Each structure stands twice: as structure tokens, then as C-alpha cells.
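This report introduces a structure to a reader who has not met it before. Please keep the sequence and the three-dimensional view at hand while reading.

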Amino acid sequence: MATAVEDQMPDHLQPRWINIRRILERSGPFCHPDFEPSPDILQFLMTSCKILVVGAGGLGCEVLKNLGMMGFRQIHVIDMDTIELSNLNRQFLFRRKDIGQSKAECAASFINNRIPGCKVIPHHRSIQDMDESFYSQFHIVVCGLDSIVARRWLNGMLISLLNYNNDGTVDQNSVIPLIDGGTEGFKGNARVILPGMSACIECTLDFYPPQITYPLCTIANTPRLPEHCIEYVKVLQWSKENPWNVAIDGDDPQHINWIFEKAQDRASEFNIHGVTYRLTQGVVKNIIPAVASTNAVIAAACATEVFKLATSCCVSLNNYMVFNDVDGIYTYTHEAEKKSDCLACSTVPKTINFDDPRKVKLKDLIEMLCEGLEYQMKSPGLTTTINGKNKTLYMSTVASIEERTRDNLNKTFFELGILNETEITVADVTNPNSITLKIKYTTQNEVEMM
């Protein structure tokens, strides 16, 4: 009889939500100033609030489970990966029978079957495949990625959705909060980003350990290190010459040995020493350790922040929390500061100062953008306007354009006609939108020289 009565109750009033309702239907000392207790809040979570979970790996699986158990029902998950055997020790929504299947689809199916009423919609795609109309439909985005490049791209996408008032301030109705979580071994972090209002991913790029990458112009034209030779084979030669016609498998000895031998040949051509099999394997695999318990802690923190933002039941994290349980358990929260000249969220061009346009070459600027901690770009394409005409300075992503603009790499800014306060437009995979850099010279006689 009790079960039949419960089944006829409105879903948000059923006994299994009693603890959630206690939080949402009464006030308390830690509530947000705008919080108004009401039973309608839980109904909003269940029927209207749309959440996007980016990544269905170790962190994403935990986040999906947590959100479903907290009452969220309109959830989308996007992930382009398929399930591998090595995932099963920490990505607990998957089973051996799922190996080779889409992570997003299997995770959504598992949650939908286990949590009554929950509706997780999977997208087995890259985040770059989706446009603004897709991202603009969500109230909150939760990021559980293992790639800094993907984080930065997602950060740029949410910033591009912002609208601004006449006084230049951000229209808060256009802000889609980004909850970002990350783990590495026994360490992790969770953060709350309000695009345009608080520090974004790009503002705090130095928080992330730089992933070891090499500018394409360097590895293709002027390799200096054994890693450059290995990366050249991995990025350029593999797609053209590999005998298996498949993607690189870092665990396949035949693949690693092929890359190793080709890298040795290229190293000999440029008189570079130090290419070894072990180094080749390290460059190709770039392994990041993952621990299930750390994923669980960080996912819980992320889901809690989603709940806070969606309900205003408590003041949200301000705005960055680190977690470390290598020796005991340690957490610390601090407020990351928004940069006034951030490449992503600032509304004014970033100014880069150089001393003498006759000494600085275009390749120096590209190396600064790729190798410096402040920018960490991957393969920037540079264009500008000179004498009223658009000019492509360098672009590595299109072979024909790269060949045509390669000579510009060794030209100085003086030779290229880049005047003081020239604006250069930079496109890179780390951002869905182009950014603008303003070149300024500190030398006193720059006008005479140009």
C-alpha cells in the first residue's frame, strides 16, 4: 500500500529526496543571500536545469553518478573516446563487455538504467564538433577532462557566448558557469569559473604544469633536440608513411620501434644525439596516472558546486580548491585573480613588447607563444594587416600555406613591415576564436627605422 501511494506522489515529493529537500526547503547560516527556500527548487533541478558533463572518464563517471543521485535529470555528456581494458579499474560505469564501445553512450545507458527518472543524453563526439547553439542551451558545464588544450577551448567557447551591457560589464544572464575538476595521481583540484566575471582557465594558465609540446615550425624546419625528431615522426611522418594505416598505439612495440628508427634517421640528418627507444616511448605515450579515490573526492567537490550554483542554497567556492592525499589529507582554497589582459576573457588586445624590430624574428614570436608558460599555444597561425591589405605571416596547419609562408619565419619584424602597435591575429587549437596581439617597440627611434 505504501509503495502504491508513493508511486502516485509527484516525483520531487517522494521519500527518497527527503535529505535534499531539507537543504532546499529551509534557510541556514551558509545560504546565498538570494536563496529563498522552496519545494519548487527540487522540481526545477528535475525538470528544467540542464547540465553538460564534458568527459566520461574517471572523473566524468563519478560526476554523472553524483548529479543523478542529487536530483539532476536533464544531463548531457560528451566524450569522443571508446572504452579500453585499462579504464575498468577506475571508470566504474563500464564493464568488460563494454570494451571498444563509446564511453559517453555506455555511461549514459548505465545511469539511465540505475537511477529512475534520470535522462542522460550522450554525444560520442569531440567538443570542437559542437557549435555555440549546443553549448548555449546549458545552465552549467562540468569539465572532467585530462587535456589542457580541451579545457582552454571550452573556456573560450563559454566566453564567446557572453553578452555585454552598454557600460562594458558582463550581462550576467549570459554567463554559463564552468565547474572544472582535475586529478593527477593523489593530487587534484576543483574550481568555479564564472566566465567574464572571475578568473578563467587562461587567466591561471600557470596553475597547470605545461604539457611538453614542440612548435611545428621547429620540429619541421630546425630540430634541436631528440624529442623534436621523435615528435616529427609522430606528427608528420606517421600519417604519410606508416605501413599499418592505423592510429598510433603507444603500447604496440611495432609502432614504437618504427617511430624510433625513423627518428634516428632524422636525428642523424641534423647531427642530433640521444634518440633512444625508451625516450621514444615516453614522448609518444605521455602517460598521466589516475587514482580512483582522488577522482571520487574531486567529483564530489564538483557536483557539490553544481548543486550550490543551481539552487543558491549555499555560497559557492571562491574559487579554487586543491586537494592532496600523498601524505595525509590536505586541502586549501584560495581566490584565483582575474587578469586584466587575459588572452581569453579580456576585451582589450594583449600587448607584447619588443626592443628592436630589426632584431626580433617571426619565429621568436611563435616560440614565445608555444614555449612560454604564459601562452602555451600549440600551432598558432598568424595574420595581420599591412598597408590596408590582409597578410598571412605563418600558418602551419595547412601544408600549402605553411610552405608559402615558411620563409617569413626567419624574417625580422622590420623586414615584414610590422609597425609599432600593429595588431596580429592569432588562431590556435587552444581557443575556438582568434585572439589579437598588439606589438609595441620600446626603442626610441622605432619610427625612423620603419
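The sections below treat the sheets, the helices that pack on them, a group of helix contacts and one loop residue.

## Basis of the report

The structure is a predicted model. Its residues are numbered from 1 along each chain.

## The sheet of eight strands

One open sheet is formed by 8 strands, in the order β3-β2-β1-β4-β5-β6-β7-β8, and its pairing is mixed. Its edges are β3 (119-123) and β8 (330-334), each of which pairs on one side only. On average, neighbouring strands of this sheet are turned by 15° against each other, direction ignored.

Within this sheet, strand β1 (residues 50-54) and strand β2 (residues 74-78) run parallel and are joined by 5 bridges. Here I51 has I75 of β2 standing opposite. Helix α4 (residues 58-69) packs on the sheet, where α4 touches β1, β2, β3, β4 (140-143) and β5 (178-184). The direction of α4 makes about 160° with that of β1. Another helix, α7 (residues 148-160), lies across β1, β4, β5 and β6 (187-193). Helix α7 runs at about 175° to β5.

## The sheet of five strands

A further open sheet has 5 strands in the order β9-β13-β12-β10-β11, again with mixed pairing. The edge strands are β9 and β11 (389-394), each pairing on one side only. From one strand to the next, the twist averages 30°.

Which strand of this sheet pairs with β9, and in what sense? Strand β13 (residues 435-441) pairs with β9 in the parallel sense, over 5 bridges. At F354, the residue standing opposite is Y441 in β13. In a regular strand the side chains alternate between the two faces of the sheet. Strand β9 (residues 350-354) shows such alternation: K350, I352 and F354 point to one face and are buried, whereas T351 and N353 point to the other face and are not buried.

## Pairing around strand β10

Strand β10 (residues 381-386) runs antiparallel to strand β12 (residues 423-427), and 4 bridges join the two. In this pairing G381 stands opposite A427, and L382 has V426 as its bridge partner.

Strand β10 also pairs with β11, in the antiparallel sense and over 5 bridges. There, T384 stands opposite K391 in β11. The hairpin of β10 and β11 has 2 residues between the strands, and N387 in this hairpin takes a positive phi near 55°. Helix α13 (residues 362-371) lies across β9, β10, β11, β12 and β13, and runs at about 130° to β9.

## Two helix contacts of α11

Two packed helices are described by the angle between their axes and the distance between the axes. For helix α9 (residues 226-241) and helix α11 (residues 277-285), the angle is about 55° and the axes are 10 Å apart. That angle makes α9 oblique to α11. The crossing in which α9 passes α11 is right-handed. On the α9 side, P226, E227, I230, E231 and K234 take part, meeting L279, T280, V283 and V284 of α11. By class, this contact of α9 with α11 has 5 nonpolar, 1 polar and 3 charged residues.

Helix α11 also packs with helix α10 (residues 253-269), at an angle of about 110° and with the axes 9 Å apart. Are α10 and α11 roughly parallel or roughly perpendicular to each other? Angles of 65 to 115 degrees count as roughly perpendicular, and α10 and α11 are therefore roughly perpendicular to each other. From α10, the residues P253, I256, N257, I259 and F260 meet Y277, T280, Q281 and V284 in α11. This contact of α10 with α11 divides into 6 nonpolar, 3 polar and no charged residues.

## A loop residue, L194

Where is L194 placed? L194 belongs to the loop between β6 and α8 (216-221). With a relative accessibility of 26%, L194 counts as partly exposed. Leaving aside residues up to four places away in sequence, L194 touches V175 and P177. L194 and D341 lie 147 residues apart in sequence, and their C-alpha atoms are 17 Å apart in space.

Key:
This is a predicted model: local features need pLDDT of at least 70, side-chain atom pairs count only at pLDDT 80 or more; totals for chains, interfaces and linings use all residues. Side-chain values use heavy atoms; hydrogens and water are left out. Axes are lines fitted to C-alpha atoms, for helices over the stretch in contact, and angles run from 0 to 180 degrees between N-to-C directions. Angles under 35 degrees count as roughly parallel, over 145 as roughly antiparallel, 65 to 115 as roughly perpendicular and the rest as oblique. A crossing is left-handed if the near helix is turned anticlockwise from the far one by less than a right angle, and right-handed if clockwise. Contact means heavy atoms within 4.5 Å. Ala, Val, Leu, Ile, Met, Phe, Trp, Tyr, Cys and Pro count as nonpolar, Asp, Glu, Lys and Arg as charged, and the others, Gly among them, as polar. Buried means under 20% relative accessible area, exposed over 50%, partly exposed in between (1.4 Å probe, protein chains only). Two strands pair if DSSP finds at least two bridges between them.
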